[in-house]
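Me: Please take a close look at a single part of this model, the strand β9 together with the strands around it and the pocket it helps to line. How is it placed, and what does it pair with?

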Amino acid sequence: MANNWKHDRAKSAIDARIKDVETVTIVDYKRETSLESIPTNKAYRMDAVHLYVDIQNFEAILSSTEVDGVTAHKRALRFLDLHQRAVHRILQKTDTRRVDFHGQRLHAVVAKPYGESDEATRVHRAVAIAQLVTDVLSETGDDEGKIPNAEVRVGIDTGRALVVNNGRSGYREPLFLGRPANMAAKLASSDGAVGIYLTNDARRAIDLDELDEDDVADTALTADEIDASVEAANLEVSKDAIVKGWRKDNDDYPIGSFVFSRTTPPIRHLDIPSLTPGNSRRMETVSVYADIDNFTAYVDAHIDDDPEDVVRCLHVIRAELDRVLTSDFGGRRVRFIGDCVHGHLLEGTAAATNATATVSTGAICAGALRSSFDLALERLADAGVEIDELGLAIGFEFGQTALSRLGVQGSRTRCSIGRTVIGAENEQKRCDGSETAIGKAAYDAGPASVRTLFGVNRLKPGLTYDVVMESLEADNNAAAKAIRAASAVLSTPAAARAAETTFRPYAEDGV
């Protein structure tokens with residue numbers, strides 16, 4: 001069956017997800033409460049400090065060869081694996097919760113000691129942990145493998161967030177919604193120098209002078225300020241002890257060589273939980289980022305008075321975006337990154353990717369994502385859920401992608417890397433909530449009909465499924481014509497029933 005999107009199919013799926021969260025329970029986080037099995041219709045309010053660590057020289061590793069080739073991908077994955085092992089040990093020794101490793105970015109949460117009155121203690125601990133991570137990663141390079149030490153930039157914020165469950169069936173992790181997680185991430189990923197950067201909320205908590213908001217991302221903590229937090233935190237673990245233990249882990253459990261093979265389309269059947277360094281995948285794909293625009297402000301506006309609507313909105317939207325990518329277009333969701341969905345699409349055979357078809361499918365899928373998003377907002381509003389001014393920013397790019405799982409055995413995290421992945425995220429970042437952007441490589445590799453659709457700026461507002469299909473069909477796009485032809489064949493009730501695929505979000509095949 002050709003890739004397609006149907007209004008009635010999407011409406012049925014969205015209404016089912018709304019029913020999942022008719023009743024939502026919000027409770028305050030209590031000490032030692034497990035966050036690994038939060039039900040779909042439940043969330044915790046948590047006061048905590050959020051810490052994002054961004055490896056600034058990761059993109060240089062990916063660009064260390066002229067082409068986005070096997071050597072660069074193996075080197076980049078080994079680089080990340082070495083550093084994830086070291087950071088895992090730090091978090092374990094400092095009783096800090098790892099939320100996610102997303103490529104070169106770590107999100108961690110300092111929740112202890114509990115209580116609003118202990119905020120300063122948590123911020124001091126976060127600064128001390130950030131400095132420990134910085135010091136350790138400055139010694140974890142590998143000369144033999146031409147792996148440099150990591151250069152890191154850290155963002156820290158403090159405050160209240162909602163905690164929900166991110167994923168199912170073997171990939172269950174807490175997801176934190178709200179300003180502190182978002183602001184810490186923005187500080188860490190801001191262009192600029194390495195160092196540790198605090199929001200004004202975090203600075204106030206430890207009695208540091210507030211800054212003009214325009215200066216926050218440019219003003220790293222001084223050595224004296226860091227030393228004061230290190231002394232106040234008294235982590236009772238040293239850089240030397242961490243590095244020594246990390247080296248022993250690497251000797252006892254060597255990373256091994258990264259071995260790549262392709263996956264047979266559709267990529268939705270890729271078994272990510274089975275991936276290891278020696279069983280990794282590498283092929284040309286379209287990488288897609290779809291980010292809910294204005295969601296941080298939405299959470300801020302509702303976290304105190306009607307947080308139930310935040311849970312409803314997130315659950316319905318992300319489940320539907322996942323369904324479109326996975327079920328309608330045979331793609332593979334890699335992860336949810338806060339309120340953003342990241343995944344891949346692939347058209348072709350076990351032997352080769354069809355670039356023209358893959359880019360065309362990427363454009364059509366992007367249109368379907370926007371149509372489903374708009375429909376989800378409509379159905380949520382009809383159900384009485386506050387939706388405010390939410391939008392969807394979509395970016396996609398085409399090229400070589402490597403997928404694996406990294407870190408220590410028993411605690412491995414899925415990883416998708418490549419210039420393609422970075423490019424798709426950059427395209428998404430240049431969009432507002434009504435826009436879709438295509439990367440330069442996808443623009444060049446795709447057919448003329450896709451170039452006409454996006455124009456020379458490679459960015460367009462309002463690209464719903466119908467708009468994309470009408471434009472591509474008018475230009476004789478093969479993928480769009482195949483979809484329309486298949487839709488005609490499937491117009492009979494019997495054929496439609498036979499072709500339908502039941503999609504269960506977070507089922508074993510879709511973790």
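Reply: What follows looks at one strand, its partners and the pocket beside it. The model is predicted, so local features are given only at pLDDT of at least 70 and side-chain atom pairs only at pLDDT 80 or more, while totals for chains, interfaces and linings use all residues. Residues are numbered from 1 along each chain as its sequence is written, and side-chain values use heavy atoms, with hydrogens and water left out.

Strand β9 covers residues 280-293, where strands (E, at least two residues) and helices (H or I, at least four) are DSSP runs numbered from the N terminus. Of its 14 residues, 12 are buried, so β9 is largely enclosed by the rest of the structure; buried means under 20% relative accessible area, exposed over 50%, and partly exposed in between, with a 1.4 Å probe and protein chains only.

Two strands count as paired if DSSP finds at least two bridges between them. With β12 (residues 391-406), β9 runs antiparallel and is joined by 13 bridges, and here Asp291 stands opposite Ala393. Six bridges, again in the antiparallel sense, link β9 to β11 (residues 340-345), with Ser287 facing His344 as its bridge partner. The pairing with β8 (residues 260-261) is parallel and rests on two bridges, with Phe260 opposite Ser280.

From β12 the connections continue to β14, which runs parallel to it over three bridges, Gly395 standing opposite Ala437. Both faces of β14 (residues 435-438) are covered, since Glu435 and Ala437 on one side and Thr436 and Ile438 on the other are all buried. Three further bridges join β14 to β15 (residues 459-461) in the antiparallel sense, and there Ala437 is opposite Leu459.

Asp291 also belongs to the lining of the largest pocket, where it is among the residues nearest the centre, along with Asn182, Ala185, Ile337 and Asp339. A pocket here is an open set of points on a 1 Å grid over the protein atoms alone, where a 1.4 Å probe fits and protein lies on both sides within 12 Å along at least five of seven lines; lining residues have an atom within 4 Å of a point. The volume is about 960 Å³, and the lining comprises 39 residues. Strand β9 is one of the elements that each supply at least two of them, although the largest share, seven residues, comes from α5. By class the lining has 20 nonpolar, 10 polar and nine charged residues.

Definitions and conventions: Grid points are joined across faces, edges and corners, and a volume is the space filled by probe spheres set on the points. Ala, Val, Leu, Ile, Met, Phe, Trp, Tyr, Cys and Pro count as nonpolar, Asp, Glu, Lys and Arg as charged, and the others, Gly among them, as polar.
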